[in-house]
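This briefing is meant to be read beside the sequence and the three-dimensional model. Topics are grouped so that each can be checked against the coordinates in turn.

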Amino acid sequence: QLQLVESGGGLVQPGGSLRLSCAASGFSLDGYAIGWFRQVPGKEREGVSCISNRDGSTYYRDSAKGRFTISTNNAKNTVYLQMNNLKPEDTAVYYCAVLDTPPAIIQAMCVISSYVMDYWGQGTQVTVSS
C-alpha cells in the first residue's frame, strides 16, 4: 500500500519548535520531489517548503525562510520539516505530498496550485498558542 504518514504536530508556545516527519511506505522517495503544505480552515492551501530528492534543491516560502528547514533521510524513507521560532500564524494542518518527477525548478511544486501531486499524507495539526 502506497502512503505518506505525517507525524510530529502538536501544541507549542510561540518561539517553540517542532519537527514534522513524513514517512513514505510502499515506494521509495529516491528521485521524488517532496513538499510540505499547510492549510487553515477557510483559506487556500499554501506551499511551505519543497525539496527535490533528485538534486537536493530546496524552496521556502518567505515566512519560513530562516526558521524552517526541510531535509530527507533516504535510509528511513522520511522527509522532515524542522520548524523553529514558531509563530501563531504558523498554526495550520500540515500535509506532505510527493511528485515522482521533480519540476525543473523546485519552487514550482510549492507555488503553482494547479500541480497535481502523486500522493498526499493525511495531515498533522500544528497549533502555536500561549
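The points below cover strand pairing, the nonpolar cores, the largest pocket and selected individual residues.

The structure is a predicted model. Its largest nonpolar core contains 27 residues, and its largest pocket holds about 160 Å³ of space. Strand β5 is a useful reference, since six of its seven residues are buried and the strand is therefore largely enclosed by the rest of the structure.

**Strand pairing around β3**

- Strand β1 (residues 3-7) runs antiparallel to strand β3 (residues 18-25), and five bridges join the two.
- Within β1 and β3, glutamine 3 is placed opposite serine 25.
- Strand β3 also pairs with strand β8 (residues 78-83), again in the antiparallel sense, over six bridges.
- Cysteine 22 has valine 79 of β8 as its bridge partner.
- Serine 21, a residue of strand β3, is buried because its relative accessible area of 15% falls below the 20% limit.
- Beyond its neighbours within four places in sequence, serine 21 contacts Val5, Glu6, Ser7, Trp36, Thr78, Val79 and Tyr80.

**Strand pairing around β5**

- β4 and β5 are antiparallel and are joined by six bridges, with phenylalanine 37 opposite glycine 47 in β5.
- These two strands form a hairpin with six residues between them, and glycine 42 in the turn has a positive phi of about 90°.
- β5 is further joined to strand β6 (residues 58-60) by three bridges in an antiparallel arrangement.
- Cysteine 50 has tyrosine 59 of β6 as its bridge partner.
- The hairpin of β5 and β6 has five residues between its strands, and glycine 56 there adopts a positive phi near 80°.

**Nonpolar cores**

- In soluble globular proteins, nonpolar side chains tend to be buried together.
- Among the 27 residues of the largest nonpolar core, those touching the most other members are Trp36, Phe68, Leu81, Met83 and Tyr94.
- Strands β3, β4 (33-39), β5, β7 (68-73), β8, β9 (92-99) and β11 (124-128) each contribute at least two residues to this core.
- A second, separate core has ten residues, including Tyr59, Leu99, Ile106 and Met109.
- Leaving out residues up to four places away in sequence, leucine 81 touches Leu18, Arg19, Leu20, Trp36, Val48, Ser49, Phe68, Thr69, Ile70 and Tyr94.

**Largest pocket**

- The pocket, with about 160 Å³ of space, is lined by 13 residues, of which Phe37, Arg45, Cys110, Ile112 and Ser113 are the closest to its centre.
- Both β5 (46-52) and α1 (107-111) supply at least two lining residues, and α1 gives the most, with three.
- By type, the lining comprises eight nonpolar, two polar and three charged residues.

**Residues in loops**

- Glycine 31 is located in the loop between β3 and β4 and is buried, with a relative accessible area of 14%.
- Apart from neighbours within four places in sequence, glycine 31 contacts Asn53, Arg54, Asp100 and Pro102.
- Glycine 31 and leucine 99 are 68 residues apart along the chain, with their C-alpha atoms separated by 9.1 Å.
- Most residues other than glycine have a negative phi.
- Asparagine 77, in the loop between β7 and β8, has a positive phi near 55°, and its relative accessibility of 15% counts as buried.
- Asparagine 85, in the loop between β8 and β9, has a positive phi near 50° and is partly exposed at a relative accessible area of 40%.

**Glutamine 39 in β4**

- Glutamine 39 belongs to strand β4 and is partly exposed because its relative accessible area of 29% lies between the limits of 20% and 50%.
- Aside from neighbours within four places in sequence, glutamine 39 is in contact with Glu44, Arg45, Ala92, Val93 and Tyr95.
- From C-alpha to C-alpha, glutamine 39 and serine 52 are 22 Å apart in space and 13 residues apart in sequence.

Key. Residues numbered from 1 in each chain as written. Predicted model: local features only at pLDDT ≥ 70, side-chain atom pairs only at ≥ 80, totals over all residues. Heavy atoms only, no water. 1 Å grid on protein atoms, 1.4 Å probe; cavity = no way out; pocket = protein on both sides within 12 Å on 5 of 7 lines; lining within 4 Å. Points joined across faces, edges and corners; volume = space filled by probe spheres on them. Helix = DSSP H or I, 4+ residues; strand = E, 2+ residues; numbered from the N terminus. Nonpolar A, V, L, I, M, F, W, Y, C, P; charged D, E, K, R; others polar. Pairing = 2+ DSSP bridges. Core = buried A, V, L, I, M, F, W, Y, C linked by side-chain atoms within 4.5 Å. Buried < 20%, exposed > 50% of the residue type's maximum accessible area, 1.4 Å probe, protein only. Contact = heavy atoms within 4.5 Å.
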